[in-house]
Amino acid sequence: MKHTIAVLVENEFGVLSRVVGLFSGRGFNIDSLTVAPTNDEALSRITLVTRGDEQIIEQITKQLNKLIDVIKVIDFEAENAIEREMVLVKVAAEDQSRAEVLRIADIFRAKVIDVTPKSYTLEATGTPAKVGAMIELLRPLGLKELVSTGPVVIGRGAKGWKG
Amino acid sequence: MKLNGARILLECLKREGVDTIFGYPGGTVINLYDELFSFKEIRHILPRHEQAGVHAADGYARATGKVGVAIATSGPGATNTITGIATAYMDSIPMVIITGQVPTALIGNDAFQEADIIGITRPCTKHNFLVKDVKDLATIMKKAFYIARTGRPGPVVVDLPKDVQIAQTEFKYPETVEIRGYKPTVEGHPKQIEKAVAAIMQAKKPVIYVGGGVILGNASAELVALAKRLGIPVTTTLMGLGSFPENDSLSLGLLGMHGTYYANMAVSNCDMLIAIGARFDDRVTGKIASFAPHAKIVHVDVDPTSIKKNVRVDLPIVGDVRDVLVKMLKIVDEIGPDAEGCRQALASWTAEIDGWKEKHPMAYKQATSTIKPQYVIQRLRALSDPDAIVATDVGQHQMWTAQFFGFTAPRTLLSSGGLGTMGFGLPAAMGAQAGFPDRQVMVICGDGGFQMNMQELATIVQNRLNVKIVILNNNFLGMVRQWQELFFDKRYSSTCMELPIDFIKLAEAFGATGLQATKVDEVDEVIKKGFSIKGPVLMEFKVAREEKVLPMVPAGASLTEMVLAS
Ligand SMILES: Cc1ncc(C[n+]2csc(CCOP(=O)(O)OP(=O)(O)O)c2C)c(N)n1
Ligand SMILES: [Mg+2]
């Protein structure tokens with residue numbers, strides 16, 4: 001099972017390597033990982049996507065919590081969270097496929113951010129499922145390059161999540 | 001008044017109650033050593049290798065319960081500490097290791113004797129710190145000691161660049177420490193404890209399985225009280241030996257790979273397993289799928305990651321083991337029958353266990369002339385002080401010590417359980433002796449492991465550390481040889497030491513006394529003489545060369561599939 005886990009950490013030198021080292025040292029998977037400072041400058045927030053059965057996910061959250069620099073760990077449940085990722089994708093677009101790329105972009109509300117006679121570069125945000133669906137439609141047209149932020153996640157409702 | 005970083009470090013150590021440290025100088029700690037030169041409140045012991053320095057601080061910590069402190073210079077000094085740190089980490093020993101580092105301006109430049117010790121030690125420390133500004137030093141030291149000793153203890157590295165040792169600032173040691181990401185759970189959940197006690201009282205075949213956490217958590221007295229109150233038999237891991245007196249009728253001794261027949265049978269047949277401060281290591285469980293197959297499992301541990309890591313647990317309790325045991329005992333007194341009633345209720349279970357004890361007691365075949373290693377262990381127990389501290393190295397002699405010494409008090413066995421580090425024993429004994437100058441301290445080692453840190457004879461003699469060194473000499477890397485005998489057709493690939501060493505001369509070369517026994521009737525004489533001489537003595541026992549450690553559960557087999565002594 002895929003899990004999106006948010007980790008609030010001290011915004012300090014070396015913290016990311018503690019988190020990543022934990023995953024590699026214990027053989028846990030990381031599908032994606034993003035990290036950036038939060039509204040509180042002293043804190044950074046890591047969002048990572050991992051896979052495993054219930055027991056492995058429990059170990060992952062416990063092991064993360066055990067790191068001294070980790071302040072909070074939340075394994076988000078889909079129904080209580082909003083998940084978004086952004087992709088930048090360069091698609092081959094010549095003659096007959098040029099219109100098709102734009103049509104797909106339009107359907108997914110992606111923006112064209114760069115154009116050449118041979119390609120379009122699109123920017124799209126959305127749930128991982130939506131972005132994934134767009135990529136699959138673009139793939140047969142010829143993906144030249146794909147870069148993704150990986151998902152970030154935030155809880156639903158009025159309450160903010162702090163340290 | 002302003003002090004330099006080196007002096008601040010020493011002032012911090014003093015305020016943490018540190019009286020003894022083990023360290024080795026070098027370029028990036030020369031300023032620290034200069035301050036140490038006139039700082040008389042702390043005893044500094046110079047080992048002959050940084051690995052041994054860390055093992056010594058570790059032995060000191062295991063024996064005294066205090067935080068062990070070691071110092072090394074940057075680069076090679078720091079990398080030499082790694083085995084020591086990893087050993088302490090695996091056994092959850094509270095330590096602070098201070099390493100010198102190149103000046104902050106040079107970090108990352110491949111400077112002379114630079115090593116990224118923060119990066120290297122990240123996976124084998126509880127936490128580590130690089131001190132970049134002398135103003136942070138006191139707070140970091142306070143945090144380092146706090147982290148090392150609280151929760152599940154462990155080693156903490158403080159990397160101290162040379163310029164930070166020289167820079168000056170006002171010194172003030174913080175009174176309190178606040179780390180928002182670190183709040184070890186100390187109190188067990190009351191409802192969980194209640195539920196656990198209720199389940200334990202219902203059990204017809206309960207066993208208590210104790211690990212090193214009970215010793216680290218200073219909870220032996222509470223364990224003994226609870227076990228006796230309920231009349232429940234107790235088995236321990238290697239790390240748990242000493243937490244429950246082995247001469248008590250409820251003791252089942254060691255469990256696991258080289259555990260007793262009756263401990264492994266009891267665990268395999270119990271309907272309730274109460275794990276306290278233990279982590280279900282593979283050397284303990286054997287094949288996980290058939291471990292305690294009929295049992296409900298209660299697991300008490302201060303570290304939540306230990307729980308449900310490799311076995312299912314029915315009733316987890318996260319908390320300080322002593323706190324939980326005290327609360328359990330209180331509930332038992334409130335709701336349970338009296339001790340006699342409890343004993344009665346388990347009468348048929350204890351009878352079943354007594355049957356196993358009778359069928360296969362711990363035993364070995366005595367020989368007419370050759371010295372059996374197990375015999376030496378038994379005689380060491382008989383002829384030493386009741387509160388003697390025993391360090392071991394790693395190998396067959398370690399397992400025989402665990403099986404035949406009969407430990408009755410916590411912190412009297414110092415052994416590398418988790419990492420299984422050869423070379424640990426001698427320096428660990430040295431550290432324990434420094435912590436308890438008036439107690440008998442011995443190390444039981446093999447001829448192989450002794451040679452991994454034998455340079456420490458110099459430290460021992462120089463510092464007049466009264467350590468008794470027992471070598472069970474089989475002229476083999478015995479434990480590996482045993483595996484080769486059993487599982488590799490006696491193909492003794494590189495396990496025969498071949499070169500016979502004159503250990504007596506070796507001891508004498510360092511200024512220690514050397515004694516030797518080659519026949520069984522010389523054993524007592526050598527031990528008595530060794531213990532009566534004041535000062536370091538090396539006692540070599542030439543033992544039966546191909547003796548095996550039995551019982552043995554082959555790696556990956558179930559606990560019931562024991563190879564027994566014939
Ligand atoms: C540093 C290290 N290297 C290798 C081993 C693997 N090992 C475990 S026991 C053992 C043999 C130890 O021989 P010795 O010290 O003579 O003790 P004995 O088993 O003969 O009692 C070896 C090589 C180890 N545990 N530690
Ligand atoms: Mg040997």
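This short presentation covers a predicted model with chains A and B, taking the contact between the chains, the two domains of chain A, the nonpolar cores and a few backbone features in turn.

Good morning, colleagues. I begin with the interface of the two chains. Chain B contributes 19 residues to the contact and chain A contributes 20 residues. Together they bury about 1,600 Å², and carbon and sulfur atoms give 50% of that area. On the side of chain B, the residues that lose the most area to chain A are B:Arg122, B:Arg180 and B:Thr305, which together make up 38% of what that side buries.

How many salt bridges are counted between chain B and chain A? The count is two. For a salt bridge that can be inspected directly, please look at B:Asp303 and A:Lys66, whose side chains meet with 2.7 Å from N to O. There are also ten residue pairs in polar contact between chain B and chain A, both residues of each pair being at pLDDT 80 or more. Among the elements of chain B, strand 6, residues 127-130, gives the most to the side that touches chain A, with three residues.

I turn now to chain A by itself. Chain A is divided into domain 1, residues 2-76, and domain 2, residues 82-154. The C-alpha centres of these two domains of chain A are 28 Å apart. Where they meet, nine residues of domain 1 of chain A contact seven residues of domain 2 of chain A. The buried area between domain 1 and domain 2 of chain A is about 560 Å², with 63% coming from carbon and sulfur atoms. In domain 1 of chain A, the residues losing the most area to domain 2 are A:Thr4, A:Thr34 and A:Thr47, together 54% of what that side buries.

What does the polar side of this domain interface look like? Zero salt bridges are found across the interface of domain 1 and domain 2 of chain A, while two residue pairs are in polar contact there, both at pLDDT 80 or more. The elements of domain 1 of chain A that give two or more residues to this side are strand 1 (2-10), strand 2 (32-37) and strand 3 (43-51).

Next, the interior. In soluble globular proteins, nonpolar side chains tend to be buried together. The largest nonpolar core here has 42 residues, and the members touching the most others are B:Val443, B:Phe450 and B:Ile469. A second core, separate from it, holds 40 residues, including B:Ile8, B:Phe39, B:Val131 and B:Ala144. To return to B:Ile469, its contacts beyond four places in sequence include B:Leu426, B:Cys445, B:Leu457 and B:Met539.

Finally, the backbone. Most residues other than glycine have a negative phi, and most peptide bonds are trans. Against that background, B:Gln113 has a positive phi of about 55 degrees. B:Gln113 sits in the loop between strand 5 (95-101) and helix 6 (117-121) of chain B. B:Glu498 also has a positive phi, near 55 degrees, and lies in the loop between helix 22 (478-487) and helix 23 (503-509) of chain B.

Are these two residues buried or exposed? B:Gln113 counts as partly exposed because its relative accessibility is 27%, whereas B:Glu498 counts as exposed because its relative accessibility is 61%.

The last feature is a cis peptide bond, from B:Leu550 to B:Pro551, with omega near 0 degrees. B:Pro551 is placed in the segment after strand 20 (537-542) of chain B. Thank you for your attention.

Methods. Residues are numbered from 1 along each chain as its sequence is written. Chains are lettered from A and ligands numbered from 1 in the order in which they are written. This is a predicted model: local features need pLDDT of at least 70, side-chain atom pairs count only at pLDDT 80 or more; totals for chains, interfaces and linings use all residues. Side-chain values use heavy atoms; hydrogens and water are left out. A nonpolar core is a set of buried Ala, Val, Leu, Ile, Met, Phe, Trp, Tyr and Cys residues joined through side-chain atoms within 4.5 Å. Buried means under 20% relative accessible area, exposed over 50%, partly exposed in between (1.4 Å probe, protein chains only). Contact means heavy atoms within 4.5 Å. Domain bounds come from an automatic or database domain assignment. Buried area is the accessible area (1.4 Å probe) that two parts lose on being put together, summed over both. A salt bridge is a side-chain nitrogen of Lys or Arg within 4 Å of a carboxyl oxygen of Asp or Glu. A polar contact is a pair of N or O atoms within 3.5 Å; within protein, one must be able to donate a hydrogen and the other to accept it, and residues adjacent in sequence count only if both atoms are side-chain atoms. Helices (H or I, at least four residues) and strands (E, at least two) are DSSP runs, numbered from the N terminus.
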